[in-house]
Amino acid sequence: MDAALLVPLALSVQVAAAATALGLPPAVALGWVLARDRLPGRALLQTLVALPLVLPPTAVGYLLLRLLGRKGLLGTESLGVDLDLLFTWKGAVLASAVMALPLMVQAARGAFEEVDPRLESMARTLGHGPLSVALRFTVPLARRGLAAAALLGFGRALGEFGATVIVAGNIEGRTQTLALAIFNDIQVGDEARASQALGLTLVLAFLVLLPVERLLRRRGAP
Amino acid sequence: MSLAGDGGLEVDLCIEGPRGGVDVSFRSEAAMVGLFGPSGAGKTSVLEAVAGLRPRARGRVRLGDRVLMDSELGVRLPPERREVGYLPQDLLLFPHLDVAGNVASSGRPGGEPTARVLDVLGLSAMERRAVGTLSGGERQRVALARALCSRPRLLLLDEPLGALDLPLRRRVLPYLMRVRDLYRIPTLLVSHDAAEVQALCDEVVVLKEGRVVAQGPPAEVLPSERVYALADARGYENVLEGRLVATGDGVARLRVKAGVELAVPPVEATGVGARVVVAVRAEDLLVATGPTPGLSARNRIPARIGRLRVAGGAVLLEASLGEGDGPRVAVKLTAEAVRDLGLEAGRAVYLVAKSSSFRILAVEEAP
């Protein structure tokens, strides 16, 4: 194998892990909120969260680019500090996190919907307020589904291309992940390297999805 | 003052429901109150509303001087502040916690020490077991232990024996009796088993179609055909509690109050001194006006007739065992038998029964 592929491989894993860490907390919170029956405006929130699934990734990338640009809402002039995200690996993390969010929210919502609300009521009678019930009972009871949500998010982030290439560019050794490397190799006609990168992504995808299947199949088991 | 504090437990609830809803009102100073009635009578709804799990229930629930809810005053404590120990019918054990974790899952500090409760309920050896691997009786005891450890001022037990088969009930009932005697926590117990209510409760509230139809001491309220026929197909059973004094030759002998001895079926693996609770159907007791020698029936118990109540074509005769100072039992007779034998209040008679007419409800080994 081309040893130079190890750099985009490591970067892919690094970016995907960071994107999962960044996206999981809001995804769990949103999944929890969306799993509540009596939530006003649930359809609207659900639609907003799902937007990145439907929008072209390049459109999401362009939106982030506008937000992060010098005059954007998250730009240097508005915030007073330079987040230094554009064309860095951190930008790739943000783009991947945004793109992975809908999948993680969906999985987290499913995990919370599987939790028997009567178990939560039981915990209330034992003296736990709503926050304590959520943290000490709902989340642990949903832990298998939440782990699956994290893995799915990680998997989605590994494969992110469209938004990443716009926000972070395709800079070899700095922002070039495996997904970007394949695009690059095809552009320059290096089919051998593209095939090797393809093999790596296949192995990674397998490693990620296999435990997801196990987690979701055994959900509900103690 | 009762266990519940001054004024005892007051429940006055209106719960809307698909089947006409529930509209019940009762007040009790008893330590253990039974809610008895057929399924669909609204028993569980009442329990859930008292626990605070029925947000649309209206009315008033008060325990001693603590108001748990009062719609008129706009008071509605959330479930976590009601300080009730709830044992639902389907137990709702937490699948992600082991036995000790479930028992210690209370959010209220200062409850009973879990180790002691586990010991009282015979669970010490299985602290680290996953709840999914427990038997039905063990799961029941874990749920009871969890309720006890949540520092409850009121226990709410929903059919605590309902899901168990008969041999298992016999083993779990003594635990409930032990909890009742040891912890003395006011308790509201839902049951459709008249014998269970008699064995455990000081007072019973009878529900039918969401309304209270009778209330009083179980031995007085339940023998009425109108009441027991609501829920129990076996017919009214008298429940008696005693100590095992002898075994052998296919019978076990129990001494109940007033020096009366009963011959009952052998009790498995139990030594002399064990506490045994038995039940005998009102229609399985015979009345003899004389000592009647030469009977194969092992029980010939002196008794004195109390009240006679006509119930349909039958007469429900109440008698006290011994010289009239023993436990009260009900005997179901035909009006013809009462007339022919000249049975009337105050008369001394003998009650006759085969030992096999007695059903063992609970056995608790001597300490």
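**Entry 1: the interface**

I began with polar contacts across the interface of chain B and chain A, and the rule gives 7 residue pairs, both residues at pLDDT 80 or more. I note here that the model is a predicted one. On the chain B side, I asked which elements touch chain A: α1 (43–51) and β7 (84–87) each supply at least two residues. I then sorted that side of chain B by class and got 12 nonpolar, 5 polar and 5 charged residues.

Next I looked up how many residues make the contact. Chain B puts in 22 residues and chain A puts in 19. I also wanted an area, since interface size is often given as the accessible area lost when the parts come together. Between them, chain B and chain A bury about 1800 Å². Carbon and sulfur atoms account for 65% of that area. I checked which three residues of chain B bury the most against chain A. They are Glu80(B), Leu92(B) and His96(B), and they supply 33% of the area that chain B buries there.

**Entry 2: salt bridges**

I counted salt bridges between chain B and chain A and found 3. I looked at one of them, Asp90(B) with Arg118(A). Their closest N and O atoms are 2.5 Å apart.

Over all chains, the structure holds 36 salt bridges. I picked out a pair in chain A: the side chains of Glu120(A) and Arg36(A) form a salt bridge, 3.8 Å from N to O. What does this pair tie together? Glu120(A) sits in helix α6 of chain A, while Arg36(A) sits in the loop between α1 (6–34) and α2 (42–54), so the pair links parts that are 84 residues apart in sequence.

**Entry 3: the largest pocket**

I turned to open space. The largest pocket holds about 1000 Å³. I listed its lining and got 33 residues. Nearest its centre are Arg36(A), Pro117(A), Glu120(A), Arg38(A) and Ser121(A). Two of these names I had already written down, since Glu120(A) and Arg36(A) are salt-bridge partners.

Which elements give two or more residues to this lining? From chain A they are α5 (89–113), α6 (117–125) and α7 (130–141), and from chain B there is α1. That α1 of chain B also supplies at least two residues of the side that touches chain A. The most comes from α6(A), with 6 residues. By class, I noted 19 nonpolar, 3 polar and 11 charged residues in the lining of the largest pocket.

**Entry 4: the second largest pocket**

I moved on to the second largest pocket, whose volume is about 580 Å³. It is lined by 24 residues. Closest to its centre are Gln198(B), Val239(B), Leu240(B), Glu241(B) and Lys257(B).

I checked the elements of chain B here. At least two residues each come from α6 (194–200), α7 (218–221), β12 (237–248), β15 (275–281) and β19. The largest share is that of β12(B), with 6 residues. Sorted by class, the lining of the second largest pocket has 13 nonpolar, 3 polar and 8 charged residues.

**Entry 5: closed cavities**

I then looked for closed space and found 5 cavities of 30 Å³ or more. The largest cavity has a volume of about 50 Å³. I wrote down its lining: Ala219(B), Pro223(B), Tyr236(B), Asn238(B), Glu318(B), Arg328(B), Val329(B) and Ala330(B).

Which strand gives the most to that lining? The strand is β19 (residues 328–334) of chain B, with 3 residues. I had met β19 of chain B before, in the lining of the second largest pocket. The cavity lining divides into 5 nonpolar, 1 polar and 2 charged residues.

**Entry 6: chain A overall**

Last, I looked up the make-up of chain A. I counted 11 helices and 0 strands. I also looked up its extent along the principal axes. The C-alpha atoms of chain A fill a box of roughly 65 × 45 × 25 Å.

Technical notes: Residues numbered from 1 in each chain as written. Chains lettered and ligands numbered in written order. Predicted model: local features only at pLDDT ≥ 70, side-chain atom pairs only at ≥ 80, totals over all residues. Heavy atoms only, no water. Contact = heavy atoms within 4.5 Å. Buried area = accessible area lost by both parts, 1.4 Å probe. Salt bridge = Lys/Arg side-chain N within 4 Å of Asp/Glu carboxyl O. Polar contact = N/O pair within 3.5 Å; in protein donor to acceptor, adjacent residues only side chain to side chain. Helix = DSSP H or I, 4+ residues; strand = E, 2+ residues; numbered from the N terminus. Nonpolar A, V, L, I, M, F, W, Y, C, P; charged D, E, K, R; others polar. 1 Å grid on protein atoms, 1.4 Å probe; cavity = no way out; pocket = protein on both sides within 12 Å on 5 of 7 lines; lining within 4 Å. Points joined across faces, edges and corners; volume = space filled by probe spheres on them.
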